[in-house]
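Subject: Structure for you to look at

Hello,

I am passing on the structure we spoke about. Please open it first; my notes on what was found follow below.

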Amino acid sequence: MLTQRTADHARNIPCRNIQIYGYCKHEKDGCMYNHDAMKTAAAPSHAENLKKRFNVESPSFTPSLPDGNGSSKTNTISPKAASAAPFTPKTAKAGLAPPAAVTRSNSAEWSNSEIPEFVPQGYQQAHQHQLSEGSSSLQDPFASYDGTGGYSESDAAAAAAAAAASINPYAQDATNSAAAAAFFQQPSAFSQPLQYHLYAPVGPHRENLLAYQRSAHDFFIAENLRQEFQRKAEASLQVLPNSNLPANIEYFHSLVPLDTSNQKNTNSFGYNSWVYKATSGKDGNVYVLRRIENFRVTNDKDIGSVKAWKRIANASMVTILDCFTTRAFGDSSLVFVTDYHPLSKTIAEQHFSSFYNPRQRAPQLLVPEQSLWGYLVQLTSALKVIHGNGLAARLISPTKVIVTNKNRIRLNCCGILDVVQPAQASTLAAQQLEDIRQIGRLMLALATNNPNAVSNAKTLEVIGRTYSERFRSIMAALMDASPVNPVSKDINTFMSNIADQVFNVFDTALHYEDAITSELYRELESSRLVRLMVKLGFINERPEFSDIGQSTGQWSETGERYYLKLFRDYVFHQVNAEGRPVVDLGHVLTSLNKLDAGSDEKIVLTSRDEQNVFVVTYKEIKRSVETAFQELSKTPRRL
């Protein structure tokens with residue numbers, strides 16, 4: 001009985017094979033489900049189903065459900081569907097028009113307000129923002145979809161760039177993401193400038209000092225280096241108020257004599273020579289003028305030889321910049337213009353002062369061997385360039401080599417003898433060998449601490465007892481420079497024999513460069529604290545300015561500008577428990593650096609009458625400083 005009732009009930013249930021496949025292969029074998037009710041409403045064939053699956057005009061699929069009595073009921077489309085708007089894909093291009101249909105109002109049955117439409121993050125806000133501004137050039141970011149399942153290459157590149165920009169963690173614009181509002185400020189609000197306060201000391205570090213072992217001087221350049229630079233700057237700007245010298249020579253003015261002695265000397269050039277410091281009227285820089293007194297140019301070709309020297313640029317040689325004749329001194333003088341190295345001394349003044357100045361009888365110390373090697377490498381480096389250009393120095397003596405810094409020398413007065421005492425071109429090779437011998441005599445004088453030392457076997461023996469055998473052998477090769485000497489037959493051969501010392505001097509120069517770079521790194525953006533104090537000075541105690549164009553009282557005493565005044569008192573006007581002023585440079589530098597960095601550290605600002613107390617962060621103070629200063633800068637009203 002139970003089986004018969006089950007079979008009767010199954011005959012009223014439509015066969016699912018006909019609903020899915022359009023036919024039932026078990027119908028002839030005695031399928032127990034109903035097939036007659038579904039034949040008229042059978043689904044199309046499988047091929048037709050695939051063909052019409054993506055038709056935009058096809059109705060939505062709604063499966064028929066049995067009612068409560070067990071009878072089947074086929075749901076039909078509601079008559080209200082005729083008034084529904086046609087479906088238009090958002091990704092369609094402008095060229096792909098939707099099927100033609102009558103535009104009618106949407107039916108409430110086909111709209112579901114509870115389920116919002118999915119829109120990629122960052123697109124909806126930008127889309128609404130552009131619509132609100134009425135932009136005529138609004139473009140859908142998905143409009144590049146071509147309707148066939150792909151994007152064009154240019155559109156894909158633009159989409160990738162937009163995606164990269166939307167996830168940029170350093171972007172200041174927070175409109176692309178609502179979640180980023182907690183981390184980034186709005187574009188209309190105060191924007192944090194570049195982080196110029198992020199400085200790291202550059203190595204190598206010679207001293208390992210703890211924090212409490214450092215002083216305020218560590219914030220600035222080294223004291224000895226600062227004093228040296230200040231002395232050189234002072235010497236460069238030195239003037240002579242009451243002077244009998246000419247006011248102007250060509251385009252130079254403000255002449256100051258650099259000679260340490262007023263005695264005339266004709267040993268070097270055969271004419272009296274004087275040295276002056278002068279300021280150029282063209283660029284405002286300071287140069288050296290070396291005057292050759294009572295010299296008349298008989299051949300323009302001789303003075304034209306200076307052009308070859310002007311093309312030589314070597315770090316171990318003083319560069320010649322110009323040469324001209326003048327009668328400003330009351331005679332016919334020849335003037336050479338060279339670079340100015342303030343507070344420089346000659347080798348004679350640096351190492352032989354007791355010989356050239358009888359008043360100084362202090363004993364002269366021997367020059368260290370490493371310094372002598374440095375001098376030798378620098379002089380040979382200058383000669384290598386000079387000889388390579390087909391010229392000869394012709395004058396290398398203790399009075400014509402200057403010391404511009406510690407163990408830093410430069411060959412001076414090059415090219416003067418080519419004008420004053422021109423030589424034949426056939427003697428160039430002999431002059432270049434004489435340059436090597438003159439270097440040997442200069443190094444011999446420095447090694448023996450005697451400018452009048454004579455090269456002989458006894459002198460070389462004395463050098464051997466004081467310095468290394470390698471240095472003694474090099475001195476002997478320099479003094480015996482000749483075309484047949486395998487060590488010093490020319491400057492290139494000689495430098496190849498002292499290549500190891502060249503690398504040592506080069507390594508020392510690199511260490512010095514590292515030290516100077518570290519000092520320079522300390523001064524990076526050193527004026528930023530001055531800029532902060534200048535901005536505070538513009539804002540504080542300014543009563544006459546009003547942002548609405550009329551007098552409203554103390555502008556700097558209202559709003560956020562009021563605690564800028566309190567911050568100034570916090571930095572500069574602090575007093576101790578006894579009421580005495582606190583003059584603490586460390587406190588000032590620390591506070592201003594934190595303000596420049598926009599730190600989140602909180603400080604307490606109290607008014608002078610102790611009636612107002614503010615707890616603010618350095619970041620808020622920095623925002624107030626920038627806002628107030630921008631308000632002052634952009635105001636059109638004349639103060």
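A good place to start is Gly390, which comes after helix α12 and has a positive phi, near 75°. Please keep in mind that this is a predicted model.

Helix α12 itself covers residues 369–388, 20 residues in total. From its first C-alpha to its last, α12 reaches 28 Å, close to the 28 Å expected at 1.5 Å a residue. Is α12 enclosed by the rest of the structure or not? Largely enclosed, because 14 of its 20 residues are buried, that is, under 20% relative accessible area.

Next, the sheet. Three strands form an open sheet in the order β7-β8-β9, and their pairing is antiparallel. At the edges are β7 (345–346) and β9 (408–411), each of which pairs on one side only. Strand β8 takes up residues 401–405 and is joined to β9 by four bridges. Asn405 lies opposite Arg408 of β9. In general, the strands of a sheet pair through backbone hydrogen bonds.

Last, the surface. Val530, Met533, Val534, Phe538 and Phe572 make a nonpolar patch of about 400 Å². Which helix gives the largest share of this patch? Helix α19 (residues 528–539) does, with four residues. Phe572 is located in helix α20, which runs over residues 562–572. The relative accessible area of Phe572 is 35%, so this residue counts as partly exposed, between the 20% limit for buried and the 50% limit for exposed.

Regards

Methods
Residues are numbered from 1 along each chain as its sequence is written. This is a predicted model: local features need pLDDT of at least 70, side-chain atom pairs count only at pLDDT 80 or more; totals for chains, interfaces and linings use all residues. Side-chain values use heavy atoms; hydrogens and water are left out. Patches are made of residues with over 30% relative accessible area and no salt bridge: like charges are joined within 9 Å, nonpolar side chains (Val, Leu, Ile, Met, Phe, Trp, Tyr) within 5 Å. Accessible areas come from the Shrake-Rupley method with a 1.4 Å probe; for residues, only the protein chains shown count as cover. A salt bridge is a side-chain nitrogen of Lys or Arg within 4 Å of a carboxyl oxygen of Asp or Glu. Helices (H or I, at least four residues) and strands (E, at least two) are DSSP runs, numbered from the N terminus. Buried means under 20% relative accessible area, exposed over 50%, partly exposed in between (1.4 Å probe, protein chains only). Two strands pair if DSSP finds at least two bridges between them. The expected span of a helix is 1.5 Å times one less than its number of residues.
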